[in-house]
Amino acid sequence: MEKFTTKRPEIKPSLEHVKGNTYCMVLSYARIPLYMLGDGKAIMIDSGFPQSWENILWLLEKENLQITAVLTSHAHPDHLGNHRNLQKHFGAKLYMSDFAAMAYRTPMNQTALGLGLVSYRMFREALGQPLRADHIIDPFSKTIDVEGTKFGVLYLPGHAAEHLGFITPDNVAYLGDAVLDENMVQRLRIPYCTCVEPDLESKEAIAELHCDRYILAHNGVCDEIRPLAEQNRDSMLEKARHLEKLCRDYQTLDQITLRFLLETGGNPDSYRTVHGARRNISVFVEYLIDTDRLEVRARNGVVEYKAKTPVSH
């Protein structure tokens, strides 16, 4: 069986100026925002995969930066993987939502909440010591004071529960994973999502934002967000329509997954590919049920799905 590991090409990160005191740490797979406080101190938003710690520390030391606080967009390992490292190395204060703080308190919490595609033992090995938040962010608050600096708070659930965005004092919005860049939208077979409907609503809300610039965790900076938010939304709706088409007759979730992978060029013999696709497809299937587009039946102990209205190809 394939183990779930994150193998990404690592390159030395660089520092990118966005606007005013807002910068980005540019990694091979993500942009991590930094807000400069002066005197060599900075606030970081998210912290990347733990495998990136040496490169992150290298850049911080190169720029003579001390991280005093870390804001957290959501409870996924590529967004808080170095929180503990920053806490230990710099004494950084961790700002997290209730959900993120609870999720990363123990491996059991992570397993129960289904935050990833790995087992309890893998969670336990990856987590190590419990991660403790210093400050809890109210997801419904409009602003939060961090080290005497006020940030705007955006509640953008869907990709993850209590997914948050932040607006720096320079009127730069960090959107986490709520919106992906154009290349990633086109490349993904089916996006990771916790719940489709609120995710679509969050993308609609993002399209209405009026900030000066926008930082996408994966992976870029842009001046206008409406076209990209609408592209993200339309792509999700098309994925749902594609899955609806696959249910022209009664199909189990495994059969839908196989059909989807064969049509999209996925490897049906890779455990990681199949397991990941099945998990993400199941969320879209629930959305199609919620929107009254799929019939559901159980036969001989198996649940099957079928489109209520034939979808043209």
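**Exercise 1.** In this predicted model, classify glutamate 208 as buried, partly exposed or exposed, and then establish which residue forms a salt bridge with glutamate 208.

*Solution.* The relative accessible area of glutamate 208 is 46%. Since partly exposed covers the range between under 20% for buried and over 50% for exposed, glutamate 208 is classed as partly exposed. The next step is the partner: glutamate 208 forms a salt bridge with arginine 226, and the closest N and O atoms of the pair are 2.7 Å apart. Glutamate 208 belongs to the loop between α8 (196-207) and β12 (213-216), whereas arginine 226 belongs to helix α9, so the pair ties together parts that are 18 residues apart in sequence. Arginine 226, at 35% relative accessibility, likewise counts as partly exposed.

**Exercise 2.** Determine where aspartate 223 and arginine 213 lie, and how many residues apart in sequence are the parts that the pair ties together.

*Solution.* Begin with the contact itself, a salt bridge between aspartate 223 and arginine 213 whose closest N and O atoms are 2.8 Å apart. Aspartate 223 sits in the loop between β13 and α9, and arginine 213 sits in strand β12, so the parts tied together by this pair are 10 residues apart in sequence. For accessibility, aspartate 223 has a relative accessible area of 48% and is partly exposed, while arginine 213, at 22%, also counts as partly exposed.

**Exercise 3.** Decide whether arginine 233 is buried or exposed, and identify the salt-bridge network that arginine 233 joins.

*Solution.* Arginine 233 is located in helix α9, which spans residues 226-246. Its relative accessibility is 19%, and because the cut-off for buried is under 20%, arginine 233 counts as buried. Leaving aside residues up to four places away in sequence, arginine 233 touches Leu200, Lys203 and Glu204. Finally, salt bridges with shared partners connect Glu204, Arg233 and Asp234 into one network; the search of the whole structure finds 14 salt bridges.

**Exercise 4.** Work out which strands stand at the edges of the six-stranded open sheet, and describe how β9 and β10 pair.

*Solution.* The order of the strands is β8-β9-β10-β11-β12-β13, with mixed pairing. β8 (143-146) and β13 (220-222) stand at the edges and have a single partner strand each, so one side of each lacks a neighbour in the sheet. From one strand to the next, the twist averages 25°. Within this order, strand β9 (residues 149-155) and strand β10 (residues 164-167) pair in the antiparallel sense over four bridges, and glycine 152 stands opposite isoleucine 167 in β10.

How values were computed:
Residues numbered from 1 in each chain as written. Predicted model: local features only at pLDDT ≥ 70, side-chain atom pairs only at ≥ 80, totals over all residues. Heavy atoms only, no water. Helix = DSSP H or I, 4+ residues; strand = E, 2+ residues; numbered from the N terminus. Buried < 20%, exposed > 50% of the residue type's maximum accessible area, 1.4 Å probe, protein only. Contact = heavy atoms within 4.5 Å. Pairing = 2+ DSSP bridges. Axes fitted to C-alpha atoms, helices over the stretch in contact; angles between N-to-C directions. Salt bridge = Lys/Arg side-chain N within 4 Å of Asp/Glu carboxyl O.
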